[in-house]
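This briefing sets out the main features of the structure shown below, grouped by topic for quick reference.

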Amino acid sequence: MRTRDLMMMELALGEARAAAAHGDAPIGAVVVHDGEVIARAHNRRECDQDPTAHAEMIALRQAAAALGRWRLAGCTLYVTLEPCAMCAGALVLARLDRLVYGCDDPKAGACGSVMDVIREPRLNHRVEEVRGVLAEECGRILKEFFQGCRV
């Protein structure tokens, strides 16, 4: 595991904590281009009442705005939870180079857990993947959040 991946996942975890602070599922994302953070986001579905307001989607929009282009070649997305089908599809369509995520999502993960959108051979782009970076901590913040919702 690369030191940079650990550092960037720590930033994504900070974003996840921000989501939890306003009642959203604690998922955070960071986009890096040429070694610099160009986007940071967290889930805002509950806050914005928007089903597409996933951390990844918001971070991709911010990254595209920062670069002035929709193609995110040369970028890495760090996210605390394996992306869902919507987000994984957006990564492919954005031509993202690399995805680094924390914990697997056995219920909705679309990067190998339930389906594998980022490596679908019929699509025109593949995203390099690194999984399991700070997985225990990423999983713990989600577990604690949802346990608190059930109390």
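**Overview**

Gly-148 is found in helix α5. The model is a predicted one. It contains an open sheet of five strands, a largest nonpolar core of 49 residues and a largest pocket of about 510 Å³.

**Gly-148**

- With a relative accessible area of 48%, Gly-148 counts as partly exposed, because that class lies between the cut-offs of 20% for buried and 50% for exposed.
- Gly-148 and Tyr-101 are separated by 47 residues in sequence, and their C-alpha atoms lie 24 Å apart in space.

**The sheet**

- The strand order is β2-β1-β3-β4-β5, and the pairing is mixed.
- β2 (36-42) and β5 (128-131) are the edge strands, each of which pairs on one side only.
- From one strand to the next, the twist averages 15°.
- β4 (residues 98-103) pairs with β5 in the parallel sense over four bridges; Val-100 has Val-130 in β5 as its bridge partner.

**Strand β1 and its neighbours**

- Six of the six residues of β1 are buried.
- Gly-28, Val-30 and Val-32 point to one side of β1, whereas Ala-29, Val-31 and His-33 point the other way; all are buried.
- The pairing of β1 with β2 is antiparallel and runs over six bridges, and Arg-40 in β2 is the bridge partner of Val-30.
- Two residues lie between the strands in the hairpin of β1 and β2, where Asp-34 takes a positive phi near 50°.
- β1 also pairs with β3 in the antiparallel sense, over five bridges; here His-33 has Cys-75 in β3 as its bridge partner.

**The nonpolar core**

- Within the 49 residues of the largest nonpolar core, Leu-72, Leu-77 and Leu-99 touch the most other members.
- At least two residues of this core come from each of α1 (3-21), β1 (28-33), β2, α3 (55-67), β3 (75-81), α4 (85-93), β4 and α5.
- The greatest contribution to this core is that of α3, which gives seven residues.

**The largest pocket**

- The space in the largest pocket amounts to about 510 Å³.
- The pocket is lined by 20 residues, of which Ile-27, Leu-81, Asp-105, Leu-142 and Phe-146 are the closest to its centre.
- Helix α5 (residues 135-150) supplies the largest share of this lining, with five residues.
- By type, the lining residues of the largest pocket comprise nine nonpolar, three polar and eight charged.

Notes
Residues are numbered from 1 along each chain as its sequence is written. This is a predicted model: local features need pLDDT of at least 70, side-chain atom pairs count only at pLDDT 80 or more; totals for chains, interfaces and linings use all residues. Side-chain values use heavy atoms; hydrogens and water are left out. On a 1 Å grid over the protein atoms alone, a cavity is a set of points where a 1.4 Å probe fits but cannot get out, and a pocket is an open set with protein on both sides within 12 Å along at least five of seven lines; lining residues have an atom within 4 Å of a point. Grid points are joined across faces, edges and corners, and a volume is the space filled by probe spheres set on the points. Ala, Val, Leu, Ile, Met, Phe, Trp, Tyr, Cys and Pro count as nonpolar, Asp, Glu, Lys and Arg as charged, and the others, Gly among them, as polar. Two strands pair if DSSP finds at least two bridges between them. Axes are lines fitted to C-alpha atoms, for helices over the stretch in contact, and angles run from 0 to 180 degrees between N-to-C directions. A nonpolar core is a set of buried Ala, Val, Leu, Ile, Met, Phe, Trp, Tyr and Cys residues joined through side-chain atoms within 4.5 Å. Buried means under 20% relative accessible area, exposed over 50%, partly exposed in between (1.4 Å probe, protein chains only).
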